[in-house]
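Subject: A structure to look through

Dear colleague,

Here is the structure I promised to pass on to you. Please open it beside this message, and then read on for what was found in it.

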Amino acid sequence: SKPVLSKIAQILKFINKECSVESNTAYKSWEKSNYKSNWELSTVRAGKIVDYLIKVEKISPQKINAIGFGEFMPFSSNVHYSNNMDRRIDFVILNYEKQEPLN
């Protein structure tokens with residue numbers, strides 16, 4: 001996975017936007033791990049990726065964060081092999097635009 005993370009780091013440096021690393025798990029993934037819940041497993045997984053990107057790829061800690069969703073953000077219920085898609089990491093590029101406050 002390190003070559004893929006290196007490519008993602010190059011993109012993050014080039015576009016100069018913030019990024020959320022979102023980890024998802026399939027139902028009961030944690031049972032075969034050392035963790036107590038899917039939420040804990042997904043949070044640790046996202047955190048390790050963010051840690052690698054900060055320490056090795058030199059991404060600014062202010063530009064990246066980790067989020068664990070556990071099994072609560074399934075890919076899609078109508079996709080074949082959805083459990084495999086639920087075991088995923090999403091890199092979400094944040095593109096904030098200035099907007100006027102609501103009245």
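Where is the place of lysine 58? Before turning to that, please keep in mind that this is a predicted model. Lysine 58 lies in the loop between α2 and β2, and its phi is near 60°, a positive value in a residue other than glycine. Most residues other than glycine have a negative phi. Lysine 58 counts as exposed, because its relative accessibility is 61%.

Asparagine 16 can be read in a similar way. This residue is found in the loop between α1 and β1, the latter covering residues 18–24, and its phi, near 55°, is again a positive value in a residue other than glycine. With a relative accessibility of 56%, asparagine 16 also counts as exposed.

The loop between α2 (38–55) and β2 (64–70) also holds lysine 63. Is lysine 63 buried or exposed? Lysine 63 is buried, and yet it has no salt bridge, since the nearest side chain of opposite charge, that of glutamate 18, is 9.0 Å away, whereas a salt bridge would need the side-chain nitrogen to be within 4 Å of a carboxyl oxygen. If its neighbours within four places in sequence are left aside, lysine 63 is in contact with Leu12, Lys13, Asn16, Lys17, Glu18 and Cys19, so that asparagine 16, described above, appears among its contacts.

The inside of the model comes next. The largest nonpolar core has 13 residues, and those that touch the most other members are Leu12, Val21, Leu53, Ile59 and Ile64. The elements that give two or more residues to this core are α1, β1 and α2, and of these α2 gives the most, with five residues. Isoleucine 59, again setting aside its neighbours within four places in sequence, is in contact with Ala9, Leu12, Lys13, Leu53, Ile54 and Ile64. In soluble globular proteins, nonpolar side chains tend to be buried together.

Nonpolar side chains are found on the surface as well, where Ile11, Phe14, Ile15 and Ile93 make a nonpolar patch of about 400 Å². Helix α1, which covers residues 2–15, supplies the largest share of this patch, namely three residues. Phenylalanine 14 has its place in that helix, and it is exposed, because its relative accessible area is 72%, where over 50% is what exposed requires.

With best wishes

Key: Residues numbered from 1 in each chain as written. Predicted model: local features only at pLDDT ≥ 70, side-chain atom pairs only at ≥ 80, totals over all residues. Heavy atoms only, no water. Patch = residues over 30% accessible without salt bridge, like charges linked within 9 Å, V, L, I, M, F, W, Y side chains within 5 Å. Areas by Shrake-Rupley, 256 points an atom, 1.4 Å probe, with all protein chains shown as cover. Helix = DSSP H or I, 4+ residues; strand = E, 2+ residues; numbered from the N terminus. Buried < 20%, exposed > 50% of the residue type's maximum accessible area, 1.4 Å probe, protein only. Lys, Arg positive; Asp, Glu negative; His and termini not counted. Contact = heavy atoms within 4.5 Å. Core = buried A, V, L, I, M, F, W, Y, C linked by side-chain atoms within 4.5 Å.
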